[in-house]
Amino acid sequence: MLVSLSEVMNRRGEPLYVEAETGFDVFRMNGVDYPVKNKTQVRLTIKSPSPKRVLIQAEAEYVLSAPCDRCLKEVELSFPLRFQQEVDFSKQEEQPGSLEEISCISGYDLDVDRLIFEELLVAFPAKVLCKEDCRGICNICGADLNAGECGCSRAEAAGEEHLDPRMAAVRDIFKNFTGSS
Ligand SMILES: [Zn+2]
Ligand SMILES: [Zn+2]
C-alpha cells in the first residue's frame with residue numbers, strides 16, 4: 001500500500017494518522033519463504049516538523065512461521081515492530097537520487113510493504129530455534145532427537161562441529177601431547 005507524503009507536508013507539524021495494510025503474506029529472505037501467520041494493521045503517525053522533512057512512526061505486529069534451524073519444526077516468530085524513519089526531501093532536491101537508499105520512498109509516496117519488509121529483515125533472528133536446547137535431528141536416520149535417542153551411533157558421522165567444546169579442548173591437548181612425542 002502506498003501512502004502519499006505530500007499531504008502531510010502541507011499540514012506543517014500537524015500529524016497525520018494512517019492505518020495501512022501490507023499486501024504480502026509471505027516474507028521472502030535469501031530465497032526462503034516465511035509465511036505470515038498473523039499481522040496487525042500498520043499504525044502510522046506521519047508528521048512534517050519542518051518543511052520538506054517527514055517523520056514516520058510505525059507500529060505493527062507480525063508473526064512469521066519459520067523452521068527450526070536444528071530440527072526443522074515450524075516455529076512461530078513474533079515481531080512487535082515499533083520504529084521511526086525520517087525522510088528529508090530537501091536533500092533529494094539538492095542531490096537527485098540521494099533518497100534512493102531509502103527504498104520505501106518512491107517519489108513522494110511511502111511504500112508501506114517495503115517499510116515493514118525492511119524492518120522485518122533487521123529484526124529477523126540470526127538463528128531460529130524451537131527451544132534453546134533443541135537437540136536437532138539424527139543425521140543418520142532423521143529421527144527427532146528431542147523425542148529421544150534413536151540408537152544410531154553418530155559419534156563419527158557427527159564430525160567436529162557437534163563435539164562438546166570441553167571435549168574438543170581435551171582432544172586438542174591430547175593431539176599436542178602426541179605430536180610432541
Ligand atoms: Zn528444534
Ligand atoms: Zn538415528
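Q: Let's start with Tyr62: is this residue buried or exposed?
A: Tyr62 is buried, with a relative accessible area of 0%. The cut-off to keep in mind is that buried means under 20% relative accessible area. Please remember as we go that this is a predicted model.

Q: How many aromatic pairs does the structure hold, and which ring pairs with Tyr62?
A: There are seven aromatic pairs in the structure. In one of them, Tyr62 is partnered by Phe24, with 6.0 Å from centre to centre and 20° between the planes. Planes under 30 degrees apart count as stacked, and the Phe24–Tyr62 pair is stacked.

Q: What does the pair of Phe24 and Tyr62 tie together?
A: Look at where each ring sits. Phe24 is in the loop between strand 2 (16–20) and strand 3 (26–29), while Tyr62 belongs to strand 6, so the pair ties together parts that are 38 residues apart in sequence. Phe24 also counts as buried, at 12% relative accessibility.

Q: Which residue lies over the face of Phe24?
A: That is Lys39, at 6.0 Å from the ring centre.

Q: Why is the pair of Tyr34 and Phe124 called tilted?
A: Pairs that are neither stacked nor edge-to-face count as tilted. The ring centres of Tyr34 and Phe124 are 4.9 Å apart and the planes stand at 45°, so this pair is tilted. Tyr34 comes from strand 4 (residues 32–39) and Phe124 from the loop between helix 3 and helix 4, so parts that are 90 residues apart in sequence are tied together. Tyr34 is buried, at 10%, and Phe124 is buried too, at 11%. Ring pairs also link Tyr34 and Phe124 into a cluster with Phe27, Phe79 and Phe117.

Q: Now the metals. Which residues coordinate the zinc ion (ligand 1)?
A: To read a metal site, find the donor atoms and then check their angles. For the zinc ion (ligand 1), the donors are the SG atoms of Cys68, Cys71, Cys130 and Cys134, at 2.3 to 2.4 Å. These four donor atoms subtend angles of 104 to 115°, which makes the arrangement tetrahedral. Along the chain, their spacing is C-x2-C-x58-C-x3-C. Within this set, Cys71 and Cys130 link distant parts of the chain, 59 residues apart: Cys71 is in the loop between strand 6 (53–67) and strand 7 (74–88), and Cys130 is in the loop between helix 3 (112–123) and helix 4 (165–180). Cys71 is buried at 10% relative accessibility, whereas Cys130 is partly exposed at 24%.

Q: What spacing do the donors of the zinc ion (ligand 2) follow along the chain?
A: Here the pattern is C-x2-C-x8-C-x1-C. The donors are SG atoms of Cys138, Cys141, Cys150 and Cys152, lying 2.3 Å from the zinc ion (ligand 2). Their angles run from 106 to 113°, which makes this arrangement tetrahedral. Cys141 is partly exposed at 46% relative accessibility, and Cys152 is partly exposed at 23%.

Q: Back to strand 6 for Val63. Which residues does Val63 touch beyond four places in sequence?
A: Val63 touches Pro35, Val36, Lys37, Asn38, Glu76, Leu77 and Ser78. The C-alpha atoms of Val63 and Lys37 are separated by 5.3 Å, although these residues are 26 residues apart along the chain. Val63 is buried, with a relative accessible area of 15%.

Definitions and conventions:
Residues numbered from 1 in each chain as written. Chains lettered and ligands numbered in written order. Predicted model: local features only at pLDDT ≥ 70, side-chain atom pairs only at ≥ 80, totals over all residues. Heavy atoms only, no water. Donors = N, O, S within 2.8 Å, 3.2 Å for Na, K, Ca; no water. Tetrahedral: all angles 85-135°; square planar, octahedral: opposite > 155°, others 65-115°. Helix = DSSP H or I, 4+ residues; strand = E, 2+ residues; numbered from the N terminus. Buried < 20%, exposed > 50% of the residue type's maximum accessible area, 1.4 Å probe, protein only. Phe/Tyr/Trp six-rings, centres within 6.5 Å; stacked < 30°, edge-to-face > 60°. Lys NZ or Arg CZ within 6 Å of the ring centre and 35° of its normal. Contact = heavy atoms within 4.5 Å.
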